[in-house]
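Here's a quick briefing to read with the model open beside you. Keep the viewer handy and click along as you go.

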Amino acid sequence: MGSQGGFGQSKEFLDLIKSIGEARSKAEEDRIVLREIETLKARLSDPNTPKFKLKEYLIRLLYVEMLGHDASFGYIHAVKMTHDDNLLLKRTGYLTVTLFLNEDHDLIILIVNTIQKDLKSDNYLVVCAALNAVCRLINEETIPAVLPQVVELLGHQKEAVRKKAVMALHRFSQRSPGSVSHLLSNFRKRLCDNDPGVMGATLCPLFDLITLDVDKYKDLVVSFVNILKQVAERRLPKSYDYHQMPAPFIQIKLLKILAVLGSGDKKASEQMYTILGDIMRKGDSTSNIGNAILYECICCVSSLHPNAKLLEAAADAISKFLKSDSHNLKYLGIAALSRLIKISPDIAEQHQLAVIDCLEDPDDTLKRKTFELLYKMTKSSNVEVIVDRMIEYMISISDNHYKTEIASRCVELAEQFAPSNQWFIQTMNKVFEHAGDLVNAKVAHNLMRLIAEGFGEDDDTADSQLRSSAVESYLRIMGEPKLPSAFLQVICWVLGEYGTADGKYSASYITGKLCDVAEAHSADDTVKAYAVTALLKIYSFEIAAGRTVDILSECQSLIEELLASNSTDLQQRAYELQAILNVDAHAVEKIMPINSTCDDIEIDKNLAFLDGYVQQSLENGAEPYIPESERSGMLSISSFMTHEDHEPSTHTLRFEAYELPKPSLPPNAPPSSTELVPVTELSYVADIFQPTTSLPSASDSAASELKLRLDGVQKKWGRPTYSSPAPPTTSSNDTVKIPSETAQRDTVSNSNSKARDVSYDSRKKQVVEISPEKQKLAASLFGGASKSEGRRSSKPHNHASDKSHATKAMATNTAAEKPTQPPPDLLDMGEPSGGAPSVDPFKELEGLLDFTADTTAPVISSGEASDYSSLFADMSLNVPNQGGVDTNGNGLEGIIRVEDSTPQLQKGPNLKEALGKDARVRQMGVTPSGQNPNLFKDLLS
């Protein structure tokens with residue numbers, strides 16, 4: 001570290017500033033800054049760096065940030081410094097944080113608590129530093145965290161704190177108006193603050209509020225006038241003077257506010273006349289700040305209700321500005337004159353020489369401002385001079401942006417104040433010739449419409465002269481190089497419509513010129529299309545007039561070229577031209593009538609000319625036409641299409657609750673009275689329980705067959721481990737009736753389907769009710785509704801969830817009726833104990849063998865099998881060699897699996913005997929191994 005330099009900074013820091021200032025290139029400056037970044041990274045990472053050295057490093061980091069390099073590695077050190085108790089370090093931390101971070105930075109959340117604590121500090125300097133950070137860093141989400149404290153500081157004893165609190169509240173109103181809408185009255189109170197600084201700070205938020213709602217603050221006109229009067233009479237302390245002007249910035253803000261309040265209000269304007277006259281009379285035009293106040297007074301006068309004396313005083317002030325040698329003051333005078341000519345156009349005539357001097361001034365900024373003034377003061381008597389000067393200036397500049405603006409203004413003034421059509425056409429030719437690609441396409445169509453319509457009177461001679469002059473001017477301009485595409489389109493259209501109308505030019509001459517245009521712009525398909533259409537018109541007019549058509553060789557080669565063009569539009573135009581050459585004169589006259597551009601086209605929407613053909617076809621046996629609304633099924637299809645067209649509009653965030661499905665049994669759902677003993681808490685048991693008591697019909701019994709499958713341990717449907725907190729029961733009194741999975745699945749599926757149908761129908765009705773205005777707006781904004789069939793997919797029903805809930809409920813009821821002890825562990829797999837006791841699947845299967853019916857139990861809703869011995873004909877119990885059960889405990893995974901079937905009633909053998917016999921059959925050939933050789937002895941009892 002070097003010795004100390006000036007202002008308590010190290011010599012190393014001063015050398016850094018000096019080297020940056022003496023850098024001769026950007027590359028040299030970047031090398032210096034990159035070297036400084038490496039130094040700061042090393043020193044900031046040292047935990048033993050003294051705090052005052054850290055303060056200097058953060059200030060040096062500011063230079064790195066200001067010169068465009070990344071200083072994010074030091075942001076966290078700036079945040080930490082805001083937590084320091086030392087006032088100098090804390091203010092340095094707040095300074096660097098407000099310059100490093102923005103309101104959306106991730107580190108903002110780390111300083112919110114610090115700001116809250118510092119806003120309650122007894123040291124007003126700490127409070128001011130925190131308020132500065134509030135104005136820069138608090139965003140919309142963190143405003144509620146500091147808003148109460150800021151409002152409380154509006155009454156602080158220190159005027160500096162009150163002023164910064166007003167500024168913070170103003171910032172909140174800009175960021176989130178709704179969060180402080182109930183606190184706007186505080187601005188009115190602070191307007192009466194004893195300190196001029198607080199009052200001046202209050203003028204800024206009040207100006208924004210008055211701009212939004214003028215009528216709400218009309219009662220403050222007298223207060224603002226009184227404040228302005230006190231300021232103008234130098235009643236404020238001398239510390240507010242600037243260049244011997246009393247509080248000029250407060251005066252300027254007050255004048256802006258009065259201009260808004262007095263606009264269109266004669267009563268309010270009359271209250272301001274006196275103070276405005278005094279300020280303009282006492283105005284000091286020798287200083288820039290005095291001229292600024294005079295200019296603001298002129299702007300205020302132009303907004304108020306007109307007053308002759310004030311307008312005269314404003315004109316005198318403008319005269320001083322325009323006669324000044326300073327370009328800045330001349331610019332100020334032109335800007336002020338642009339405002340006053342709206343009220344009194346005669347004022348501009350008094351300064352016409354000064355305006356002309358500004359128009360010829362070499363200062364380009366002043367010249368552009370003068371053209372804006374001329375644009376506002378244009379009328380029929382001076383439009384020719386002003387537009388000609390604008391076109392000359394447009395030709396001389398190379399700035400395309402401003403050239404576009406000048407061209408648009410020339411077109412607007414020519415259309416509005418044109419003294420004659422000939423002048424308008426000549427002016428448009430100049431604009432198109434020099435700025436054609438920058439002019440709006442509508443201007444070209446307006447020019448073509450004007451030439452076609454003529455003067456709008458019954459003077460055909462004048463219209464013919466207008467068109468002839470247009471043809472002559474275009475034939476002369478066609479030889480110019482680099483004509484804009486839009487201008488060439490106008491030329492081709494005019495030559496095609498009126499090139500041979502007066503007989504001055506032959507068809508061969510005009511067609512040759514058009515072919516030259518098409519060949520010279522072979523890359524522009526639009527120009528070639530206009531040229532081919534113009535050729536078609538000329539040849540059509542020649543054929544209709546009975547004259548011989550002599551096609552030039554270059555025209556023939558152009559047609560042949562376009563017949564093989566890649567553009568289908570050019571191909572079609574070329575084929576139409578080729579076809580019309582072989583049509584007789586009478587037909588051509590009907591197809592291409594002469595001078596019919598402006599004729600109104602009558603459209604027969606009913607197609608009455610086809611009535612005879614339709615009647616004849618009906619008599620010959622043709623089917624009559626059926627309107628779309630009367631076709632079978634078309635109404636629903638149209639509704640569906642309407643729904644599709646507007647489906648994207650419904651894909652938004654919705655807050656209404658989902659519509660619950662309405663469970664209902666199908667009308668022909670057959671019940672069953674078969675009673676089965678449930679296993680406890682199986683996650684794969686079928687859907688929710690909904691018992692029914694009616695018996696199935698004989699016709700339904702043959703439709704399908706109820707099957708109960710025991711797929712063994714190889715098929716895994718449920719969870720990875722099988723354990724149940726509730727022990728299994730084998731008592732015959734614990735039997736409950738399990739509804740058929742088939743019936744429940746059908747019931748839930750039907751109910752879900754109905755719910756979807758109801759929801760879909762309701763959505764269709766809602767879409768149909770959208771107003772046509774909204775549909776048009778949506779089509780305009782999104783280019784029409786897109787197909788959303790892919791997104792309209794219904795979510796399948798989660799049967800697994802329903803099974804789990806149903807089984808848990810059944811297990812809970814069974815355990816409540818008869819508590820039993822957990823069964824012994826029949827299989828000792830040698831695994832460590834300590835977990836939840838596993839359920840023996842064979843003990844649960846043993847319960848299936850005892851079918852002592854409980855007459856009080858509810859009837860199950862599944863179908864009854866005709867032969868219970870055949871239910872298990874296709875079942876197999878695959879027992880592994882290692883204990884006969886899967887080590888994961890999923891021995892009975894998939895025991896019960898009821899397929900979709902319709903129950904059927906049929907007499908059969910005793911169910912218990914059938915199950916017992918089936919169990920014995922399955923035992924044959926099975927040799928259990930492990931510690932329990934008598935694994936199946938319980939099944940045989």
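Leave out anything up to four places away in sequence, and glutamine 489 touches Thr526, Val527 and Tyr530. This is a predicted model, so take what follows as a reading of a prediction. Glutamine 489 sits in helix α27, and it counts as buried because its relative accessibility is 18%, with the cut-off for buried being under 20%.

**How α28 and α29 pack**

- Helix α28 covers residues 507-520 and helix α29 covers residues 525-544; the two pack with their axes 9 Å apart, at an angle of about 165°.
- That angle makes α28 roughly antiparallel to α29, because anything over 145 degrees gets that label.
- The crossing of α28 past α29 is left-handed.
- On the α28 side, the contact is made by Ala507, Ile510, Thr511, Leu514, Cys515, Val517 and Ala518.
- On the α29 side, the contact residues are Val527, Lys528, Ala531, Ala534, Leu535, Ile538, Tyr539 and Glu542.
- Sort the residues of this contact by type and you get twelve nonpolar, one polar and two charged.
- One general point helps when you look at lists like these: an α-helix has 3.6 residues a turn, so residues three or four places apart point the same way.

**Cysteine 555**

- Cysteine 555 belongs to helix α30, which runs over residues 553-563.
- Is cysteine 555 buried or exposed? It counts as buried, because its relative accessibility is 0%.
- Setting aside neighbours within four places in sequence, cysteine 555 is in contact with Thr511, Cys515, Leu535 and Tyr539.
- Those four names also turn up in the α28 and α29 contact: Thr511 and Cys515 on α28, Leu535 and Tyr539 on α29.
- Glycine 512 is 43 residues away from cysteine 555 in sequence, yet their C-alpha atoms are 7.3 Å apart in space.

**Helix α25**

- Helix α25 spans residues 441-453, which is 13 residues.
- From first C-alpha to last, α25 reaches 19 Å, close to the 18 Å expected at 1.5 Å a residue.
- Which residues of α25 are buried? They are Val443, Ala444, Leu447, Met448, Leu450, Ile451 and Ala452.
- Those buried residues pack against α23 (400-417), α24 (421-435), α26 (460-477) and α27 (485-498).
- Among these partners, α27 is the helix that holds glutamine 489.
- Right after α25 comes glycine 454, with a positive phi near 75°.

Conventions. Residues are numbered from 1 along each chain as its sequence is written. This is a predicted model: local features need pLDDT of at least 70, side-chain atom pairs count only at pLDDT 80 or more; totals for chains, interfaces and linings use all residues. Side-chain values use heavy atoms; hydrogens and water are left out. Axes are lines fitted to C-alpha atoms, for helices over the stretch in contact, and angles run from 0 to 180 degrees between N-to-C directions. Angles under 35 degrees count as roughly parallel, over 145 as roughly antiparallel, 65 to 115 as roughly perpendicular and the rest as oblique. A crossing is left-handed if the near helix is turned anticlockwise from the far one by less than a right angle, and right-handed if clockwise. Contact means heavy atoms within 4.5 Å. Ala, Val, Leu, Ile, Met, Phe, Trp, Tyr, Cys and Pro count as nonpolar, Asp, Glu, Lys and Arg as charged, and the others, Gly among them, as polar. The expected span of a helix is 1.5 Å times one less than its number of residues. Buried means under 20% relative accessible area, exposed over 50%, partly exposed in between (1.4 Å probe, protein chains only).
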